[in-house]
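Colleague: Could you walk me through this model and tell me how each label was earned? I would like to see the reasoning as well as the result.

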Amino acid sequence: MPTHALPTAEHLREEAQRALERCGVDPVLLRGAHSSRSPINGAELLPVTWVDGDAVDETVSRAREAFLTWRETPAPVRGALVGRLGDLLVEHKQDIATLISLEVGKIASEALGEVQEMIDICEFAVGLSRQLYGKTMPSERPGHRLMETWHPLGIVGVISAFNFPAAVWSWNAAVALVCGDTVVWKPSETAPLTALACQAVLQRAIEETGAPRHVSQVLLGGADVGERLVDHHDVALLSATGSTRMGRAVGPRVAARFGRCLLELGGNNAAVVARSADLDLATRGIVFSAAGTAGQRCTSMRRVFVHEDIADELERRLVAAYARLPIGDPTADGTLVGPLIDEKAFQSLARALDRASEEGGELLVGGGRRLDDVTPDAYYVEPAIVRMPAQSAIVREETFAPLLYLMRYRDLDTAIELNNDVPQGLSSSIFTSDQAEAERFVSAVGSDCGIVNVNIGTSGAEIGGAFGGEKETGGGRESGSDAWRAYMRRATNTINYSGELPLAQGVDFTV
């Protein structure tokens with residue numbers, strides 16, 4: 001089990017300072033009235049200066065000017081910028097991971113994994129820079145060619161959440177840049193140092209490759225900055241990651257100005273554990289998905305539907321695994337569960353546990369607070385499992401904490417119905433050795449989520465596939481596959497080389 005000792009505030013500040021210096025962050029930016037607090041011990045890190053909403057106009061204007069040059073830059077040349085960014089991220093992988101751990105509380109391996117995602121999306125985007133394909137279609141008119149072309153869209157505004165303070169920005173930025181767009185990033189208020197480090201590394205890549213200086217910019221600030229970015233008519237695409245509540249506010253405002261919106265919102269992700277499941281595999285997949293990142297991933301597992309014939313055995317395995325989870329300082333070797341981001345997250349967990357009890361739930365393991373005797377300003381909790389009736393109201397709500405509801409089912413169609421019977425639709429999985437069950441779960445009558453897995457948990461997506469979900473998750477898609485199309489505009493072109501002017505559909509309009 002982990003020691004009760006936590007790093008001192010001074011130690012965390014020194015670690016942050018060294019990482020920022022190595023990334024090339026201008027010391028002038030590390031002044032101001034705002035400091036993020038480390039969830040490791042609740043102490044303030046380094047000060048930064050916030051801008052207000054008025055600064056958005058100036059930043060967007062610079063991005064617009066850069067776009068006029070960047071859109072005419074050949075896509076493979078744009079790819080060279082992103083390729084260089086990937087190289088520099090390899091060089092500064094540990095530095096950025098350190099900042100992620102300090103500001104968000106991720107354990108070391110997960111923080112390094114987040115930076116690896118950034119490196120991976122850069123590699124993907126470099127290849128994409130030579131594959132921004134359109135189509136050629138047969139024309140019904142002789143001597144004509146019909147085709148589609150894809151062109152840079154404009155300015156992409158990115159609003160990111162605390163739980164992936166760097167990777168989600170990179171998913172957007174790497175693809176947007178090779179597509180010929182410019183980027184304005186409003187990071188989470190809880191992770192400004194990570195954002196400054198990422199921007200400094202990208203700025204070095206910009207300088208080394210000769211790209212326009214303002215193809216990417218960062219805005220540190222509060223809600224007023226995000227709102228101004230949402231409402232700005234020159235922001236062609238607004239990509240926002242956060243809660244469903246946030247999406248309900250952002251979506252209509254962007255639509256009102258006929259802008260494009262890419263929303264990655266809430267998840268209430270479930271796994272079905274069939275009677276034929278490999279329980280060793282299922283246990284490992286569930287524990288990582290439910291307790292990893294202290295349950296603070298949008299893809300974290302919140303619900304498990306287990307076949308009644310194996311439910312007792314799975315419960316026993318999960319409770320035993322949860323009881324062994326090392327909880328504590330995320331920068332220490334061996335820790336698997338770090339802190340919640342803040343007191344608000346802890347209170348949300350406490351309220352959900354109370355409601356679960358009121359609705360007939362039975363707490364099987366966890367739910368208590370750790371290390372509050374060491375520091376009252378950090379919120380370490382024991383990941384919890386609650387056995388619930390399947391039709392409970394609380395299980396339809398997302399609690400952004402390590403809280404897992406365990407429910408029983410008899411037949412697969414019932415399990416699929418329960419999986420789908422929530423407002424959210426991000427990620428889902430089934431553990432089964434029955435091919436027919438697996439195929440049914442991923443079919444049109446199976447899970448209604450954007451991510452549907454077999455014999456793997458709900459979290460840990462790779463960048464090669466498009467990431468996103470349905471229903472109240474927002475419908476957006478980022479990262480791999482053909483998600484690049486969201487960052488470009490499509491034109492349908494008809495080219496007449498016949499010397500005549502036949503009209504489509506046989507129309508005769510002879511003058």
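What follows is a conversation about the labels used for this predicted model.

Colleague: Let's start with helices. What makes α7 largely enclosed by the rest of the structure?

Modeller: The cut-off for buried is under 20% relative accessible area. In α7, 14 of the 18 residues are buried, so the helix is largely enclosed by the rest of the structure.

Colleague: And how does the reach of α7 from its first C-alpha to its last stand against what is expected?

Modeller: Helix α7 covers residues 192-209 and reaches 26 Å, close to the 26 Å expected at 1.5 Å a residue. Just after α7 comes Gly-210, with a positive phi of about 75 degrees.

Colleague: Now the charged pairs. Why is the contact between Arg-18 and Glu-15 called a salt bridge?

Modeller: The rule asks for a side-chain nitrogen of Lys or Arg within 4 Å of a carboxyl oxygen of Asp or Glu. For Arg-18 and Glu-15 the closest N and O atoms are 2.5 Å apart, so the pair meets the rule. The two residues sit 3 apart in helix α1 (residues 9-23), which means that about one helical turn separates them.

Colleague: How do you know whether Arg-18 and Glu-15 are buried or exposed?

Modeller: Partly exposed is what lies between under 20% and over 50%. Arg-18 has 35% relative accessibility and so counts as partly exposed; Glu-15, at 24%, is partly exposed too.

Colleague: Where do Glu-313 and Arg-316 lie?

Modeller: Both belong to helix α11 (residues 311-323), 3 residues apart, about one turn of the helix. Their side chains meet in a salt bridge at 2.6 Å, N to O. Glu-313 has a relative accessible area of 29%, so it is partly exposed.

Colleague: What about Lys-471 and Asp-448: which parts does that pair tie together?

Modeller: The closest N and O atoms of Lys-471 and Asp-448 are 2.7 Å apart, and the two form a salt bridge. Lys-471 is in strand β21 (residues 470-471), while Asp-448 is in the loop between α14 (435-442) and β19 (451-454), so the pair ties together parts that are 23 residues apart in sequence. As for accessibility, Lys-471 counts as partly exposed because its value is 37%, and Asp-448 is partly exposed at 27%.

Colleague: Which residues are joined into one network by salt bridges that share partners?

Modeller: That network joins Arg-84, Asp-87, Glu-91, Arg-204 and Glu-208. Over the structure, the rule gives a count of 34 salt bridges.

Colleague: On to strands. What makes β3 and β23 the edge strands of their sheet?

Modeller: The open sheet has 3 strands in the order β3-β4-β23, with antiparallel pairing. Strands β3 (136-137) and β23 (488-496) each pair on one side only, and that is what puts them at the edges.

Colleague: How do you know that β4 and β23 pair?

Modeller: Pairing needs at least two bridges. Strand β4 (residues 144-152) and β23 have 9 bridges in the antiparallel sense, so they pass. One of the contacts is Met-147, whose bridge partner in β23 is Asn-493.

Colleague: And how many bridges join β1 to β2?

Modeller: There are 3 bridges between β1 (residues 34-37) and β2 (residues 44-48), and the strands run antiparallel. Arg-37 has Glu-44 of β2 as its bridge partner. The hairpin has 6 residues between the strands, and Gly-42 in this hairpin takes a positive phi near 80 degrees.

Colleague: Last, the empty spaces. What makes a space a cavity and not a pocket?

Modeller: A cavity is where a 1.4 Å probe fits but cannot get out, while a pocket is open. The structure holds 1 cavity of 30 Å³ or more, and the largest cavity has about 70 Å³ of space. Its lining has 14 residues, and the closest to its centre are Gly-105, Lys-106, Thr-293, Ala-294 and Gln-296. By class, that lining has 7 nonpolar, 5 polar and 2 charged residues.

Colleague: Which element supplies the largest share of the lining of the second largest pocket?

Modeller: Helix α7 does, with 5 residues. This pocket has about 690 Å³ of space. Among its 24 lining residues, Leu-29, Leu-196, Gln-199, Gln-217 and Val-218 are the closest to the centre. At least two lining residues come from each of α2 (54-70), α7 and β7 (216-218). The classes here are 11 nonpolar, 8 polar and 5 charged.

Conventions:
Residues are numbered from 1 along each chain as its sequence is written. Side-chain values use heavy atoms; hydrogens and water are left out. On a 1 Å grid over the protein atoms alone, a cavity is a set of points where a 1.4 Å probe fits but cannot get out, and a pocket is an open set with protein on both sides within 12 Å along at least five of seven lines; lining residues have an atom within 4 Å of a point. Grid points are joined across faces, edges and corners, and a volume is the space filled by probe spheres set on the points. Ala, Val, Leu, Ile, Met, Phe, Trp, Tyr, Cys and Pro count as nonpolar, Asp, Glu, Lys and Arg as charged, and the others, Gly among them, as polar. Helices (H or I, at least four residues) and strands (E, at least two) are DSSP runs, numbered from the N terminus. The expected span of a helix is 1.5 Å times one less than its number of residues. Buried means under 20% relative accessible area, exposed over 50%, partly exposed in between (1.4 Å probe, protein chains only).
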